[in-house]
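Colleague: I have just opened this entry and would like to go through it with you step by step. Could we begin with the backbone and then turn to the helices and the pockets?

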Amino acid sequence: MTRKALIPIFASCLMVAALGSGLWAKDALSGRSTGFAPRRIVSVNLCADQLVLALADRSQIAGLTRNAADREMSAEADRARGLPLLSSSAEHILGIDPDLVVGMPASRSAALSALKGHHYRTLDLKSTDRLADIYDAIREVGRAVGHPERGRAMIAAMERNLVGLQKSGRGRVAAYYQRRGYMTGTGTLVDDLMQRVGLTNLAAKLGKPALAQVSLEEMVAARPDFLIVESATDAVTDQGSEMLHHPALRNIPRISIPQAWTVCGSAAYARAAHSMSAQIARFDAQQH
């Protein structure tokens, strides 16, 4: 058989494979998208929600977690309005019959584990604790939902956004201090953000793990140059946020950012970095 005769057969095989998987496929001959993509995507994780919302068509999204629409938790909450939210029950997923389940990781979801005998295509994303991890996750989700070009564009936009970022921290020490005295340590997304703007994480100096409870006395004794806090705790709303307003902490300058920008790795990383850098610069300007 001639090479010309083989070409349409090869192209047909690619099309059949794409139809069978329900996933995006690329025509090996033309390099163009064949247009096949999952039509019932379910996300079983808050961080996966945000990437699916940013990269998939609304018509492709069949279910998100309940936190997807919470503006304090999700940087993509506005996009989630009007989309189906999962009740966290296995029966809900069974009723949707998804052709792609995305999570961190999806295969270990309690709801999926309860559906023994039902095998759904899953995309297991790794934890995004560094900017490079965010880029990897964006690429993976973009390919899986059938829009790799959106993933590439999203990464390119983030890279452009971060090029001119000022490292205004200049090596000074900061502590990400949360409700009930919890401090975020090294090897986390917040730690990566601190390094990005030129700050040193107090947790590293104190030898603390990824999450540690630090008393007021210990924090005051450590004398960090800045406290990074969730913007939701700027005012006292409960006992957990009350300790962040203790008089002993009053003289430590604060950098306030929404939790939704740091709880997951997403395009909000760039917003968080610029906000942190700008707040440090404003503080420095006020000192002169």
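Colleague: Where along the chain is Asp97 placed?

Modeller: Please keep in mind throughout that this is a predicted model. On one side of Asp97 lies helix 4 (90–96), and on the other side comes strand 3, so to speak of its place is to name the loop between helix 4 and strand 3.

Colleague: What is the value of phi of Asp97?

Modeller: Most residues other than glycine have a negative phi. Asp97 is a residue other than glycine, yet its phi is positive, with a value near 55°.

Colleague: Which two residues are joined by a cis peptide bond?

Modeller: Most peptide bonds are trans. In this model a bond with omega of about -10° is cis. Its proline, Pro105, sits in the loop between strand 3 (100–103) and helix 5 (110–113), and the residues joined by the cis bond are Met104 and Pro105.

Colleague: Let us turn to the helices. Is helix 6 roughly parallel or roughly antiparallel to helix 7?

Modeller: Two packed helices are described by the angle between their axes and the distance between the axes. The axes of helix 6 and helix 7 come within 6 Å and cross at roughly 155°. Because angles over 145 degrees count as roughly antiparallel, helix 6 is, relative to helix 7, roughly antiparallel.

Colleague: How many residues of the contact of helix 6 with helix 7 are charged?

Modeller: From helix 6 the contact takes in residues including Leu131, Ile138 and Arg139, and from helix 7 it takes in residues including Pro148, Met158 and Glu159. By class, the residues of this contact divide into nine nonpolar, two polar and, as the charged part, three.

Colleague: How is helix 2 set against helix 6, oblique or roughly parallel?

Modeller: The axes of helix 2 (residues 46–55) and helix 6 (residues 131–144) come within 10 Å, and they cross at roughly 55°. The crossing is right-handed, and the angle makes helix 2, with respect to helix 6, oblique.

Colleague: Which residues in helix 6 meet helix 2?

Modeller: The contact of helix 2 with helix 6 has six nonpolar residues, one polar and no charged ones. On the side of helix 2 the residues are Leu51, Val52 and Leu55, and those they meet in helix 6 are Ala137, Ile138, Val141 and Gly142.

Colleague: At roughly what angle do the axes of helix 7 and helix 12 cross?

Modeller: Met158, Asn161 and Leu162 in helix 7 meet Tyr269, Ala270, Ala273 and His274 in helix 12. The axes of helix 7 (residues 148–163) and helix 12 (residues 268–286) come within 9 Å, and the angle at which they cross is roughly 10°.

Colleague: Finally, which residues are the closest to the centre of the largest pocket?

Modeller: Rolling a probe the size of a water molecule over the atoms shows where empty space is left. The largest pocket has a volume of about 380 Å³. Its lining has 18 residues, and the closest to its centre are Thr188, Leu189, Thr262, Val263 and Cys264.

Colleague: And how many residues in the lining of the second largest pocket are charged?

Modeller: The second largest pocket holds about 180 Å³ of space. It is lined by 13 residues, and Arg71, Ser74, Pro258, Ala260 and Trp261 are the closest to its centre. The lining divides into six nonpolar residues, three polar and, for the charged class, four.

Notes. Residues numbered from 1 in each chain as written. Predicted model: local features only at pLDDT ≥ 70, side-chain atom pairs only at ≥ 80, totals over all residues. Heavy atoms only, no water. 1 Å grid on protein atoms, 1.4 Å probe; cavity = no way out; pocket = protein on both sides within 12 Å on 5 of 7 lines; lining within 4 Å. Points joined across faces, edges and corners; volume = space filled by probe spheres on them. Nonpolar A, V, L, I, M, F, W, Y, C, P; charged D, E, K, R; others polar. Axes fitted to C-alpha atoms, helices over the stretch in contact; angles between N-to-C directions. Helix = DSSP H or I, 4+ residues; strand = E, 2+ residues; numbered from the N terminus. Parallel < 35°, antiparallel > 145°, perpendicular 65-115°, else oblique. Left-handed = near helix turned anticlockwise from the far one by under 90°. Contact = heavy atoms within 4.5 Å.
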